Amino acid sequence: MTRWLHCLLFVLGWMLQTPSWAEEPLVVAPATSQIDISTDFTGADVQAVGAMSGPGDLIIKLVGPKQEATLSRETKLGPFWVEGDRVKMEDAPSLLFLYATAPIVSILPPAEQQKYGLILEGVPVRVEPQLKAHAAADWRKAFYRLKEKQGYYHEDDRAIRVFGNRLFIADMRLPGDLQIGTYTIEILLVKSGKVVGRNVTQFRVRLAGIERWVWKTAHDHSWLFGSLFTLLAMLLGLALNAVPYRRTR
Amino acid sequence: MAIPFGPSLSNDEILMEFFLPIAHMDVNIVLILFYGALVGFLSGLVGVGGGFLITPLLIFTGIPPIVAVSSGSAQMAGTACGASYLHWRHGNIDFKMGLILLIGSWLGGGFGVYLAKVLLRAGQFGNVVVFLYVILLGFIGVSMLIESLRAVFRAGAPAARDAAATAASKSLLRTLVERLPWQTAFPASGVHMSVVGPLLLGAAVGILTSLMGVGGGFIMVPVMIYVLKMPTKIVVGTSLFQLLFTTAAVSVMQAGINHSVDPFLALLLIFGSVLGTKLGARIGARLPAEKLRLILALVVVAVAAKMVVTLVVPPGEIYDMTVEVR
């Protein structure tokens with residue numbers, strides 16, 4: 001709670017000192033530009049804090065880096081369910097969180113939602129190989145459904161808290177299994193069905209410490225890594241079994 | 001965190017959770033240790049590596065299949081190394097048999113990699129593997145179950161049991177093995193047979209290792225017991241010895257080609273399996289052979305039944321998604 005109070009004082013102090021900023025429809029406090037994934041990483045909380053020029057609605061769009069996914073579909077073969085077709089889903093963001101002060105459909109007309117990419121099931125995703133429109137639509141629907149089920153695509157109209165029609169704080173929880181890359185936070189101020197203010201910030205998610213070292217070694221010197229690690233595994237297995245055995249003899 | 005406006009890491013359950021760099025996800029340490037212990041126990045008890053068990057368990061936890069298969073082989077190499085040592089100290093390894101099996105499995109493994117490539121190109125790899133699992137596990141499990149149940153019920157009269165076993169041994173396969181050329185003696189196992197038998201067995205296991213990512217112990221152990229007629233305890237030791245070199249080779253190749261061996265995952269599994277292996281080996285040394293076989297049969301049948309269920313029961317979600325790890 002004290003942290004939020006700090007934020008509040010900080011932002012308010014800021015606005016008082018620089019009156020010209022008060023004319024800006026949307027001011028967002030700078031946030032950290034990096035999230036490190038280390039051994040104890042189980043997810044991260046990202047907070048967006050800022051101020052708006054007066055009553056209005058806010059939409060925050062958090063977009064993860066692009067990711068290639070493979071979808072497969074089970075089909076019935078006699079009495080058995082076996083793996084049938086598989087397609088690749090390309091160019092879709094790995095993660096898409098939409099936060100708003102009210103349901104997005106109720107504050108923005110469809111054309112504007114489309115323009116700013118605020119429809120979960122409207123994310124552009126390329127189906128590879130190219131299929132007929134209705135077949136591709138089935139795969140896309142399944143893709144959105146699975147992404148939502150796994151918690152990577154979701155919409156939330158309660159995560160943004162607004163104080164006195166001015167200050168806003170949004171708490172966004174990122175899952176532990178994050179795609180490495182650049183994430184974008186886009187904040188939109190909406191008044192009477194129109195976007196009147198827009199702010200875009202980015203942060204990076206990267207492996208850190210031993211995680212980074214292991215990943216790099218396993219990729220840059222894969223054969224050496226494989227041989228040495230397998231040897232280590234064998235020696236460890238031997239040592240853990242053999243040493244206590246000798247002692248009891 | 002010091003920065004008031006930035007992302008902050010959560011402190012919940014940090015002790016129990018561990019982020020795996022290659023699998024690219026966090027897992028519960030206790031759960032993985034438990035998996036390791038379970039597989040180690042089986043390995044020490046009946047000489048199977050447990051690849052057919054650990055791979056599905058890891059995939060069920062959400063670990064990408066290729067990482068599960070690859071880290072599983074690294075773990076099996078570690079576990080098999082320790083367990084082989086214990087069996088060697090007990091004089092349970094027939095090295096002559098083990099080497100012939102190994103030559104066979106390396107040849108078969110090479111052919112299996114080629115076969116996998118052909119099947120992948122035809123888009124049928126996944127299905128072939130699943131049906132192969134069900135047919136092999138089902139056949140072996142049920143025949144072992146029947147045989148070991150009979151043996152357990154006859155356990156009161158050991159002499160009669162041996163006589164019955166000898167009489168039953170004149171199976172078609174056995175007759176065939178006896179007629180093959182290059183007959184030689186395997187003193188450690190107390191059997192006399194053609195080199196071709198174990199060589200073919202090794203090759204079959206090698207193919208399965210490439211296709212199914214398993215050590216093949218669950219195929220090899222029953223064949224050595226029922227077709228090659230080797231003593232159960234020697235079979236367990238020899239199978240582990242062969243498993244050690246097969247899985248080590250697979251682990252190196254998976255890391256080299258697919259970058260898919262997660263060292264932390266494998267290490268956690270090894271630590272878990274050490275406890276399990278010691279317990280398994282100790283109980284295995286005390287249990288009569290037919291009970292050991294009954295346990296293995298039950299495990300194999302259970303896995304096969306589980307696979308049949310997943311094949312037949314309509315899935316709740318017919319779509320499945322896998323994402324590129326980075």
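Let me begin with a definition: two strands count as paired if DSSP finds at least two bridges between them. With that in hand, please look at K88(A), which stands opposite E128(A) in β8(A), at a place where β6(A) and β8(A) run antiparallel and are joined by three bridges. I should say at once that what we have on the screen is a predicted model, and I will try to keep my wording within what that allows.

Let me stay with β6 of chain A, which covers residues 80–93, and turn to its other partner. β5(A) and β6(A) are paired in the antiparallel sense over ten bridges, and within that pairing K76(A) has W81(A) as its bridge partner, while T75(A) stands opposite V82(A). The two strands form a hairpin with two residues between them, and in this hairpin G78(A) takes a positive phi near 60 degrees. A positive phi also appears at D91(A), where the value is near 70 degrees although the residue is not a glycine, and D91(A) sits within strand β6 of chain A.

That second case is worth a pause, because most residues other than glycine have a negative phi, and most peptide bonds are trans. The other half of that remark brings us to the peptide bond from E128(A) to P129(A), which is cis, with omega near 0 degrees. As for where P129(A) is found, it lies in the loop between β8 and α5 of chain A, the helix being residues 133–149.

β6(A) and β8(A) are also linked through their side chains. E90(A) and R126(A) meet in a salt bridge, with 2.7 Å from N to O. Since E90(A) belongs to strand β6 and R126(A) to strand β8, residues 126–128, the pair ties together parts of chain A that are 36 residues apart in sequence. Over all chains, the count of salt bridges by this rule comes to eleven.

Now, which strands make up the sheet that we have been building? It is an open sheet of four strands in the order β8(A)-β6(A)-β5(A)-β6(B), with antiparallel pairing. Its edge strands are β8 of chain A and β6 of chain B, each of which pairs on one side only, and neighbouring strands are turned by 30 degrees against each other on average, with direction ignored. Strand β6 of chain B, residues 319–323, pairs with strand β5 of chain A, residues 66–77, in the antiparallel sense over five bridges; there, T70(A) has T322(B) as its bridge partner. Helix α5(A) lies across β5, β6 and β8 of chain A together with β6 of chain B, and it runs at about 70 degrees to β6(B).

That takes us to the interface between the two chains. How many residues are in contact there? On the side of chain B there are 65, and they touch 76 residues of chain A. The area buried between the chains is about 6,500 Å², and carbon and sulfur atoms give 65% of it. The rule finds one salt bridge across this interface, formed by R145(A) with E317(B), whose closest N and O atoms are 2.8 Å apart. It also finds ten residue pairs in polar contact across the interface, counting pairs with both residues at pLDDT 80 or more. On the side of chain B that touches chain A, helix α3, residues 65–89, gives the most, with ten residues. By class, that side of chain B has 42 nonpolar, 14 polar and nine charged residues.

Before I stop, there is one further sheet to point out, and it is made of strands from chain A. It is an open sheet of six strands, ordered β2-β13-β12-β4-β7-β9, and its pairing is mixed. The edge strands, each pairing on one side only, are β2 at 34–37 and β9 at 153–156. Neighbouring strands in this sheet are turned by 15 degrees against each other on average, again with direction ignored. At the β2 edge, four bridges join β2(A) to strand β13 of chain A, residues 194–207, and the two run parallel; I35(A), for its part, has V205(A) as its bridge partner in β13(A).

Terms used. Residues numbered from 1 in each chain as written. Chains lettered and ligands numbered in written order. Heavy atoms only, no water. Contact = heavy atoms within 4.5 Å. Buried area = accessible area lost by both parts, 1.4 Å probe. Salt bridge = Lys/Arg side-chain N within 4 Å of Asp/Glu carboxyl O. Polar contact = N/O pair within 3.5 Å; in protein donor to acceptor, adjacent residues only side chain to side chain. Nonpolar A, V, L, I, M, F, W, Y, C, P; charged D, E, K, R; others polar. Axes fitted to C-alpha atoms, helices over the stretch in contact; angles between N-to-C directions.
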